[in-house]
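Hello,

I hope your week is going well. Here is the structure I promised to pass on, and my notes on it follow below.

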Amino acid sequence: MQDVERTETGPDAGETPSPADVIKSCPLARIPRTQELLDNLPYLVMLVLGALLVQRGISHAAGSWLAAGLYFAYGVGGALWIMLFVCPYCHFYDTRLCPCGYGQIAAKLRARQDGADFRQQFRRHIPVIVPLWFLPLIAGGLALTRQFSWLDLALLLAFALNSFVVLPLVSRLYGCAKCPQKESCPWMGGCKRA
Ligand code: SF4
């Protein structure tokens, strides 16, 4: 962990400052631990609800709880994947400015990489975790098709609400809102403008 330090160097007058320059010249408020936990909560809820849906979706098959455990492990592994292959390229790497704290864990796993490749890395590696959003929908749909149950429907709706509404809203309106590199971040639509 390290505080972001002020620096005497920066872009020449008239140049558009890079996100790294913005961070260096105008330190942002450090993210409190409680807010880091809050930012991780929707993802954790998604993994728990998703694992339950996977278990119920194949409840007549042997190893349904194993499948649920594998889904949860996939979610944990996906977070680690992002820490290894995206966060080292981020300007928030190894700072207390990363909204979810991944940037600090990433610094313990891998050295900093070239920030100019951030957008490319983001686009390349985000698809690795995308199935986490859809596997439970398929499993829940299978469970409901096999035999309707209000519990399965409630789980499915809760999963969809959390994963497709709450999680993106927390990221975009809270986590990413003050990020100086949001203009180049695909998650915030930067790639569409590029
Ligand atoms: S802001 Fe995103 S990409 Fe940057 S360090 Fe944090 S989790 Fe990683």
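**What I found**

The first thing to flag is the chain start: residues 1-11 keep a pLDDT under 50, and the model has 21 contacts beyond four places in sequence for them. Residues 190-194 also stay under 50, with 8 contacts beyond four places in sequence. Please keep in mind that this is a predicted model. Over the protein, pLDDT averages 83, and 76% of the residues score at least 70.

**Overall make-up**

The protein has 8 helices and 0 strands, so the pattern along the sequence reads α-α-α-α-α-α-α-α, with helices counted as DSSP runs of at least four residues. Of the 194 residues, 28% are buried. Among contacts with a separation of 6 or more, 61% join residues 24 or more positions apart.

**Helices α2 and α6**

You may enjoy this pair. Two packed helices are described by the angle between their axes and by the distance between those axes. Here, the axes of α2 and α6 (residues 131-146) come within 8 Å and cross at roughly 40°. The crossing of the two is left-handed. On the α2 side, the contact is made by Leu49, Gly50, Leu53, Val54, Arg56 and Gly57, while α6 brings Leu132, Leu135, Pro136, Ala139, Gly140, Leu142 and Ala143. Sorted by class, this contact has 9 nonpolar, 3 polar and 1 charged residues.

Some individual residues in these helices are worth a look:

- Leucine 41 sits in α2, which covers residues 33-57. Leucine 41 is partly exposed because 14 other C-beta atoms lie within 10 Å, a count between the limits of 12 for exposed and 20 for buried. Leucine 41 and leucine 167 are 126 residues apart in sequence, yet their C-alpha atoms are 8.6 Å apart in space.
- Leucine 142 belongs to α6, and its 16 C-beta neighbours inside 10 Å make it partly exposed. From its C-alpha atom to that of aspartate 152, 10 residues apart along the chain, the separation is 10.0 Å.
- Glycine 141 is in α6 too. Glycine 141 has 14 C-beta neighbours inside 10 Å and therefore counts as partly exposed. Its C-alpha atom is 8.7 Å from that of aspartate 152, with the two residues 11 apart along the chain.

**The ligand**

Which residues are found around the ligand? They are Val86, Cys87, Cys90, Phe92, Tyr93, Cys98, Cys100, Tyr102 and Gly103. By class, this shell has 8 nonpolar residues, 1 polar residue and no charged ones.

**A backbone detail at aspartate 94**

Is aspartate 94 buried or exposed? Aspartate 94 is buried, because 20 other C-beta atoms lie within 10 Å, and 20 is the number from which a residue counts as buried. Its place is in the loop between α3 (64-85) and α4 (102-109). Most residues other than glycine have a negative phi. Aspartate 94, although not a glycine, has a positive phi of about 60°. When you open the file, this loop would be a good place to stop for a moment.

Happy to talk any of this through whenever it suits you.

Best wishes

How values were computed:
Residues are numbered from 1 along each chain as its sequence is written. This is a predicted model: local features need pLDDT of at least 70, side-chain atom pairs count only at pLDDT 80 or more; totals for chains, interfaces and linings use all residues. pLDDT is the predictor's confidence in each residue, from 0 to 100. Two residues are in contact if their C-beta atoms, placed from the backbone, lie within 7 Å. A residue is near a molecule or strand if its C-beta atom, placed from the backbone, lies within 6 Å of it. Ala, Val, Leu, Ile, Met, Phe, Trp, Tyr, Cys and Pro count as nonpolar, Asp, Glu, Lys and Arg as charged, and the others, Gly among them, as polar. Axes are lines fitted to C-alpha atoms, for helices over the stretch in contact, and angles run from 0 to 180 degrees between N-to-C directions. A crossing is left-handed if the near helix is turned anticlockwise from the far one by less than a right angle, and right-handed if clockwise.
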